[in-house]
Number of protein chains: 4
Amino acid sequence: MSDHRAETIKASFQAQSMMETLGACLTHVSEGIVEIQAPILPGSQQQHGFAHAGLTFAIGDSAAGYAALSVMPPDHEVLTSEMKIHLLAPGRGEVLIARGQVIKPGRRLVIVQADVYARTDAKEVHVAMLTGTMVPLAPK
Amino acid sequence: MSDHRAETIKASFQAQSMMETLGACLTHVSEGIVEIQAPILPGSQQQHGFAHAGLTFAIGDSAAGYAALSVMPPDHEVLTSEMKIHLLAPGRGEVLIARGQVIKPGRRLVIVQADVYARTDAKEVHVAMLTGTMVPLAPK
Amino acid sequence: MSDHRAETIKASFQAQSMMETLGACLTHVSEGIVEIQAPILPGSQQQHGFAHAGLTFAIGDSAAGYAALSVMPPDHEVLTSEMKIHLLAPGRGEVLIARGQVIKPGRRLVIVQADVYARTDAKEVHVAMLTGTMVPLAPK
Amino acid sequence: MSDHRAETIKASFQAQSMMETLGACLTHVSEGIVEIQAPILPGSQQQHGFAHAGLTFAIGDSAAGYAALSVMPPDHEVLTSEMKIHLLAPGRGEVLIARGQVIKPGRRLVIVQADVYARTDAKEVHVAMLTGTMVPLAPK
C-alpha cells in the first residue's frame with residue numbers, strides 16, 4: 001500500500017479521542033490488514049476486572065474499519081454500518097490485540113472481520129470475533 | 001421489581017470502571033427495562049467529533065444486559081454472548097441515551113434489544129439499534 | 001404507495017420460484033410494510049416436524065426486502081447484504097406469518113426488520129426476529 | 001469421531017424434510033466439520049434465477065448446526081439460537097456447498113461458522129459467510 005494511504009489511516013486514528021482515552025495504539029497497517037492494541041487499563045474494565053466489552057468492540061470495530069480503508073482509493077473514508085461481536089472468553093490479561101481484515105471488498109460496501117485476543121505474558125487467548133459492514137465515502 | 005434486584009444492578013453498574021470513564025449514569029431500572037445515559041465527552045469521540053461507536057456500543061450493551069438481569073432470579077449475573085449493532089445516524093449532540101429491553105426471557109438465554117438516541121436540546125435522534133444474546137449465570 | 005410499485009413487488013415475488021416451492025403468499029403490501037404467509041408444509045420441516053429455520057428465514061428475509069423496495073423510487077431493486085435471525089420459539093402450527101418493516105431508509109442502504117409468527121387457530125406466537133441491511137440497485 | 005455420532009447426525013439430517021425438498025446431501029462429517037451440498041434446483045431460485053437466500057441460509061445453518069453436534073456428547077441435540085448471514089456474491093452455478101465449523105465449543109453454547117460456495121465446473125465462488133450460536137440440548 002502507498003505511504004499516503006498509511007499516513008491517512010494514522011491521521012484518522014489519532015483524530016479519534018476515544019482511542020487515546022483507551023490507550024489504544026495502531027500497531028500494524030498493510031493492505032487489507034490492520035492491528036490495534038490496547039492495554040486493559042484500570043478505567044476500561046467491567047465489574048469483574050476484565051476488559052469491558054466496550055473496549056473489545058471499540059478496537060475490533062476500528063481495526064476492521066481501517067482494514068477496509070486500506071483497500072479504498074485515496075481520500076475515501078469508511079463508516080461502520082453494522083457490526084456483530086461474539087464474545088468468546090473473558091478479556092483477562094494485560095493487553096487486547098485486535099486484528100482486522102477484509103472479507104469482501106466492494107465499491108458500495110466492504111465486508112470485514114476482526115478477531116480480538118487477550119495476551120498475558122506470551123500467551124494469546126481468542127476473546128472475540130466481529131463481522132460487519134463498512135460503507136465507503138468518496139471525498140466531497 | 002424488588003428493591004434488592006434494583007440494588008444489585010446499581011452495584012454492578014458502579015463496579016464497571018468503564019462506565020465511570022465514559023461518564024455514564026444508570027437513569028432508569030424497572031422490570032425488563034433499563035436506561036443508561038452518557039455525555040459525549042471530549043475523550044469519547046471519533047475522528048469527526050461525533051460519539052465513538054465504542055461509546056454507543058458500551059452503553060447499549062450494558063442497558064440490554066441489565067434489562068436481562070432485571071428479569072433474572074436474585075443473585076444471578078448475565079454475560080453478553082453476542083451483540084449486533086446497527087449504526088443508523090451520527091452520534092451528534094450532548095448526550096447519548098440507551099434504552100434496553102427484554103425480547104425473550106429464558107433460563108438459559110435471554111434475547112435483548114437496545115436502542116440508542118442522541119439528544120440535542122429537546123430533540124432525540126435514533127442513532128443505533130442493538131440485538132443480542134445474554135447468558136444468565138446462577139450464583140455459585 | 002403507487003399501484004405501479006405494488007405491481008412491481010408482486011411481479012418480483014412471483015418470479016421467485018422458492019416462494020412457490022414453499023407455498024408462500026404475499027398477503028399485504030403498503031409503504032414500508034410487507035407481509036408474507038407460508039403454510040408449514042410437510043416438505044418444509046426440521047427433524048421434529050416444526051417449521052425449518054430455512055423457511056422462517058426465507059419469508060422473513062423476503063418480507064424485509066420487499067418492505068425496503070416499497071420505499072424505493074420506481075424500477076429499483078434491492079439485494080440482501082446481511083441478515084441476522086434470532087429464533088425465539090419453535091415454529092409450531094399451521095402457518096408462518098412474516099411482517100417486514102423499514103427501520104431506516106436510505107439511498108445507499110436500507111435497514112430493515114422482520115418479525116415472524118406461527119399461527120395455530122387464532123393464536124400467534126412470536127417465533128423469530130430478523131434485522132438486516134438491504135442494498136438498493138438503481139435501474140440500469 | 002465415533003460411528004455412533006456420525007450415524008446420529010445422518011439420521012437427524014434425513015429427518016429434516018426441508019433438506020429433501022431442497023435436494024440437499026450430507027457430503028462430509030468429521031469432528032467439528034460438516035459439509036452439505038445442494039443443487040440450485042429450478043424451485044430454489046430468486047427472481048433472477050440465482051440461488052435463493054433461503055437455500056443458502058438453510059444449508060449453511062444446518063452445516064453449522066451439525067458441526068456443533070459433532071463435538072457434543074452422545075444423544076445431545078442442538079438448536080440454532082441466532083445466525084447472521086453475509087451474502088457476498090450471487091449464488092450462480094450448479095451447486096451450493098456449505099462448510100460448517102466450530103469456532104468455540106461450550107457446554108451451554110457453541111459458537112459456529114459456515115461458509116457457502118457456489119460451484120460451476122471446477123470453480124468455487126465464496127457466496128456467503130454465516131456466524132451463529134447453537135444451544136446444546138441434553139437427552140431427556
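# Two twelve-stranded sheets and their helices

In chain C, helix α3 (residues 53–69) runs at about 40 degrees to β4(C) and lies across β2, β3 (77–87), β4, β5 (110–120) and β6 (123–137) of chain C, together with β3 (77–87) of chain D. The structure is a predicted model, in which local features need pLDDT of at least 70 and side-chain atom pairs count only at pLDDT 80 or more, whereas totals for chains, interfaces and linings use all residues. Residues are numbered from 1 along each chain as its sequence is written, chains are lettered from A and ligands numbered from 1 in the order in which they are written, and side-chain values use heavy atoms, with hydrogens and water left out.

Helices (H or I, at least four residues) and strands (E, at least two) are DSSP runs numbered from the N terminus. Contact means heavy atoms within 4.5 Å. Angles run from 0 to 180 degrees between N-to-C directions, with axes fitted as lines to C-alpha atoms, for helices over the stretch in contact.

**The sheet of chains C and D**

The sheet beneath this helix is open and has twelve strands, in the order β1(C)-β2(C)-β4(C)-β5(C)-β6(C)-β3(C)-β3(D)-β6(D)-β5(D)-β4(D)-β2(D)-β1(D), and its pairing is antiparallel. Its edges are formed by β1 (25–30) of chain C and β1 (25–30) of chain D, each of which pairs on one side only. From one strand to the next, the twist averages 20 degrees. Two strands are taken to pair if DSSP finds at least two bridges between them.

Strand β2 of chain C (residues 33–39) is joined to β4 of chain C (residues 95–104) by seven bridges, in the antiparallel sense. Within this pairing, Ile33(C) has Gln101(C) as its bridge partner, and Pro39(C) stands opposite Val95(C). Towards β1(C), Val29(C) has Val34(C) of β2(C) as its bridge partner. Five of the seven residues of β2(C) are buried, so the strand is largely enclosed by the rest of the structure; buried means under 20% relative accessible area, exposed over 50% and partly exposed in between, with a 1.4 Å probe and protein chains only. Helix α1 of chain C (residues 3–14) lies across β1 and β2 of chain C, at about 160 degrees to β1(C).

In chain D, Cys25(D) has Gln37(D) of β2(D) as its bridge partner. The hairpins of chains C and D are set out below.

| Strands | Bridges | Between the strands | Positive phi |
|---|---|---|---|
| β1(C) and β2(C) | five bridges | two residues | Gly32(C), near 85 degrees |
| β1(D) and β2(D) | five bridges | two residues | Gly32(D), near 90 degrees |

Helix α3 of chain D (residues 53–69) has 17 residues, which at 1.5 Å a residue should span 24 Å; its end C-alpha atoms are 24 Å apart, which agrees. The expected span is 1.5 Å times one less than the number of residues. Of the 17 residues of α3(D), 17 are buried, so the helix is largely enclosed by the rest of the structure.

**The sheet of chains A and B**

A further open sheet of twelve strands, with antiparallel pairing, follows the order β1(A)-β2(A)-β4(A)-β5(A)-β6(A)-β3(A)-β3(B)-β6(B)-β5(B)-β4(B)-β2(B)-β1(B). Because β1 (25–30) of chain A and β1 (25–30) of chain B stand at the edges with a single partner strand each, one side of each is left without a neighbour in the sheet. The average twist is 20 degrees from one strand to the next.

Five bridges join β1(A) to β2 of chain A (residues 33–39), in the antiparallel sense, and Val29(A) has Val34(A) in β2(A) as its bridge partner. Helix α3 of chain A (residues 53–69) packs on the sheet, where it touches β2, β3 (77–87), β4 (95–104), β5 (110–120) and β6 (123–137) of chain A together with β3 (77–87) of chain B, and its direction makes about 40 degrees with that of β4(A). Helix α3(B) touches β3 of chain A together with β2 (33–39), β3, β4 (95–104), β5 (110–120) and β6 (123–137) of chain B, at about 40 degrees to β4(B). This helix is mostly covered, with 17 of its 17 residues buried.

A UniProt record (unreviewed entry) places the feature "domain: Thioesterase" at residues 48–122 of chain A; UniProt positions follow the numbering used here, feature names are shortened, and annotations may be inferred rather than shown by experiment. Over residues 48–122, chain A is 23% helix and 43% strand, with its end C-alpha atoms 23 Å apart.

**Relations between the copies**

Copies are superposed by least squares on the C-alpha atoms of residues with pLDDT of at least 70 in both. A turn of 180 degrees and a shift of 0.0 Å along the axis lay chain B on chain A with an RMSD of 0.0 Å. Of the residues of chain B, Lys84(B) comes closest to the rotation axis, at 2.0 Å (C-alpha). The same surface serves both copies, as 100% of the contact residues of chain B recur in chain A.

Chain C can be laid on chain B by a turn of 180 degrees and a shift of 0.0 Å along the axis, with an RMSD of 0.0 Å. This is the relation of a two-fold axis. Of the interface residues of chain C, 100% are also interface residues in chain B, so the copies meet through the same surface.
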